[in-house]
Amino acid sequence: MGKDSSDLFGSLFKTPPLVKVVPVLVPLPVPGAYSYAVPEGLAVEPGSVVQVPVGPRQLIGVVWDGENDDRLDPKKLRPITLAFDCPPLSKEMRDFIDWVANYTLSPPGLVARMAIRAPAALEPEPMVEGLRYLGGRPERLTPARTRVLDLANQEDIPWTRSGLAHAAGVSLSVIDGLTAQGIFETVFLAPPPVVARPDPDYIAPRIEGPQKEAAAEIVDSIRTGGFSTSLIDGVTGSGKTEVYFEAIAETLRRGKQVLILLPEIALTASFLERFQDRFGAKPGEWHSDLSPRMREKVWRGVVTGEVQVVAGARSALFLPFENLGLIIVDEEHDPAYKQEDRVFYNARDMAVVRARIGDFPIVLVSATPSVESQVNGLSGRYNTVHLPTRFGDAAMPDLHLIDMRRHPPERGGFLSPLLIRAIAKTIGRGEQALLFLNRRGYAPLTLCRVCGHRFQCPQCSSWLVEHRFKNQIQCHQCGYSEPTPEACPECGTLDHLVACGPGVERIAEEVEKHFPDARTIVMSSDLLGGVKRMRLELEAIAKGDADIVIGTQLVAKGHNFPLMTLVGIVDSDLGLSNGDPRAAERTFQLLSQVTGRAGRTGRKSHGLLQTFQPQHPVMQAIVSGDASAFYEREIAEREKAILPPFGRLASLIVSADTRADAESHARGLRAAAPKVSGISVLGPAEAPLALVRGRHRFRLLVHGRRNSDMQAFLRAMLANGPKQRGSVQIQLDIDPQSFL
DNA sequence: AGCACGCCGACT
DNA sequence: GTCGGCGTGCTC
């Protein structure tokens, strides 16, 4: 190995020692990867999870692909602190993260962070201490010791200390005594799996007719392999879950992992049990209020491939599966799939992208598909599977509108005589009625009859909602609350405050007046006693311990009420004109879901919808059961609403954490770009907008922390066209697949 | 995201 | 004279 003199010279005087430098994504809102030196002897590759120093802190990051920024001052280079002992993120996962960061214009480090959000799981789980039976007898045999030895002789498996004590009905000291005498040996065992292995053939599928055909169609796409998107579109109670369970079974048979995405609210014990009934084991769970310990176990199970199926909320999409082969997105239309902080994304859309990158099938499921998915189904890009009828002997409820102009309630009331009569009949038969009103509290607005003062939130200027059960007035926007005052704060007059409009509590009052002997229950998220009480109440209702249920949104989902044969919608029009461009779609979905609560177990059932707009397309679609007419119309409306592309008319929708912030951003933008005519403001609740894909027309949502950033961005965008990317976060609410 | 720095208004 | 509000800049 001859060294020539120039080399020697270089190493002595000029050339710095060769250090390996790698890009590392750090969890900071910076546009790209940082560069770090790899210390001697540390083995890292793209995907390795590492700890690195950033300023004064140590952060967890991921070694990334690509070149280092060579403009970086080498003096700034710092070494990687350590590499975690866990499998690196796969190329597929890295591509997915890059894609999502690029599409959502989010800092890639923040996207990557979502994949490694179980810090404790980065080190392998500690071994658990166990006991192995070595045979032999103790010097003195007591009855307790005999019981332990009998058990140990029966089963030749390693015991845990406490497990053996418990099984033998003895105290830990008995076990310790035997261990001290060399009867047992302490061994270290691999930790037990979080969940048992699901068995695809645990029971024969309980499906028939159209369900069976639908399942066969989807199983077929799995057998074919490769990327495909299917949309299961079936009314409530049509057996959608049973159908996609067959897709899961087929994937498991092929030795691949499955992810089931559900809106957080649908991740209930009853779903997990249903899964267990079919597969003999529960799926792994992933959601926001998982205990850190559990989070760690599931994360680790997923990366090692030990956990075969995960049922999770949207964040589960970023779990680094070892061998993912199928994604199910249940309740595909649910707005809970949207994340609207830090990284803005719709998990449903990103799930399709993940399947595309991983080249495996994905199945979207809904009784009321989103307009976007409907469009994709109609255009043939998604393979639509219809389940038009209910499963077994259950029939859809008979639906009718009540025109409130012709059948008004009595003075001071909100229920039409027609609805009251229907309730009387229903409970007379010993069946249950559900009254739905999507409004918590007693009254949405309180005012003073003397001076006209309206109770308004001091923090965010929306109306304060009276809650009689809690004796509070609350702001439903920001959570502000205060005790209900007795006197008007403006003019000081006592006892002249008047409630305007109904909330569920007020409907309960009216119901009690009409049906004093009925067992009435109010279900709303501010039910005293929290989630536990809520669950008990739902069970009680299912058992028949209530005659009339008055509920908000939260009765719309899940739960089967066998005796529920009447659903009354108090105000069907509520939500149709709140400025949300998706108002009609949302209302259609909500009303379909609520009316779908009736008659799920075979009894003849009815739905009555009180409305002031019986001709409205949403109302017509609901009562006629003709969803396709509604979608067709809605699609046409959206097409019309989409503004012309950039260049001719730039159109911006500004949104921010609060409406006030958004207004302030918009003022700045209007000043910065007077030629832009279409700057409009949406509050955080309304954003992002629906967009039907097609051609390259789109709206942008600009989210920014700083006015100056937003203005700079806007100027650059106007100069360079819509492809310009700025330092602000932008949400393009357009079909991600047009970018694939 | 955090954290430091710096610049103007209301206080012990 | 300071304390502290948030606007701005920086982290390999």
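Which residues does Cys488 touch, not counting residues up to four places away in sequence? In this predicted model, the list is Cys448, Cys451, His453, Thr493 and Leu497.

**View 1. Cys488 sits in a loop between two strands.** Look for strand E23 (481–483) and strand E24 (497–500): Cys488 is in the loop that links them. Its relative accessibility is just 3%, and under 20% means buried, so Cys488 counts as buried.

**View 2. Four cysteines make up a listed "binding site".** They are Cys448, Cys451, Cys488 and Cys491, and they come from an unreviewed UniProt entry. Along the sequence they spread over 44 residues, yet in space they cluster, with a largest C-alpha distance of 8.6 Å.

**View 3. Cys448 belongs to a strand.** Here we move to strand E20, residues 445–448, where Cys448 has its place. Cys448 is buried too, at 1% relative accessibility. Leaving out residues up to four places away in sequence, Cys448 touches His453, Cys488, Cys491, His496 and Leu497.

**View 4. Arg314 reaches out to backbone oxygens.** Now for another part of the chain: Arg314 is in the loop between strand E12 (309–312) and strand E13 (324–329). With a relative accessible area of 23%, Arg314 is partly exposed. Its side chain gets to 2.8 Å from the backbone oxygen of Ala336, and a polar atom of that side chain lies 3.0 Å from the backbone oxygen of Lys338.

**View 5. Arg314 meets residues from elsewhere in the sequence.** Skip the neighbours within four places, and Arg314 still has contacts, including Leu261, Leu262, Tyr337 and Tyr345. Pro263 is 51 residues away from Arg314 in sequence, but their C-alpha atoms are 7.0 Å apart in space.

Conventions: Residues numbered from 1 in each chain as written. Chains lettered and ligands numbered in written order. Predicted model: local features only at pLDDT ≥ 70, side-chain atom pairs only at ≥ 80, totals over all residues. Heavy atoms only, no water. Helix = DSSP H or I, 4+ residues; strand = E, 2+ residues; numbered from the N terminus. Buried < 20%, exposed > 50% of the residue type's maximum accessible area, 1.4 Å probe, protein only. Contact = heavy atoms within 4.5 Å. Polar contact = N/O pair within 3.5 Å; in protein donor to acceptor, adjacent residues only side chain to side chain. UniProt positions renumbered as here; feature names shortened; annotations may be inferred.
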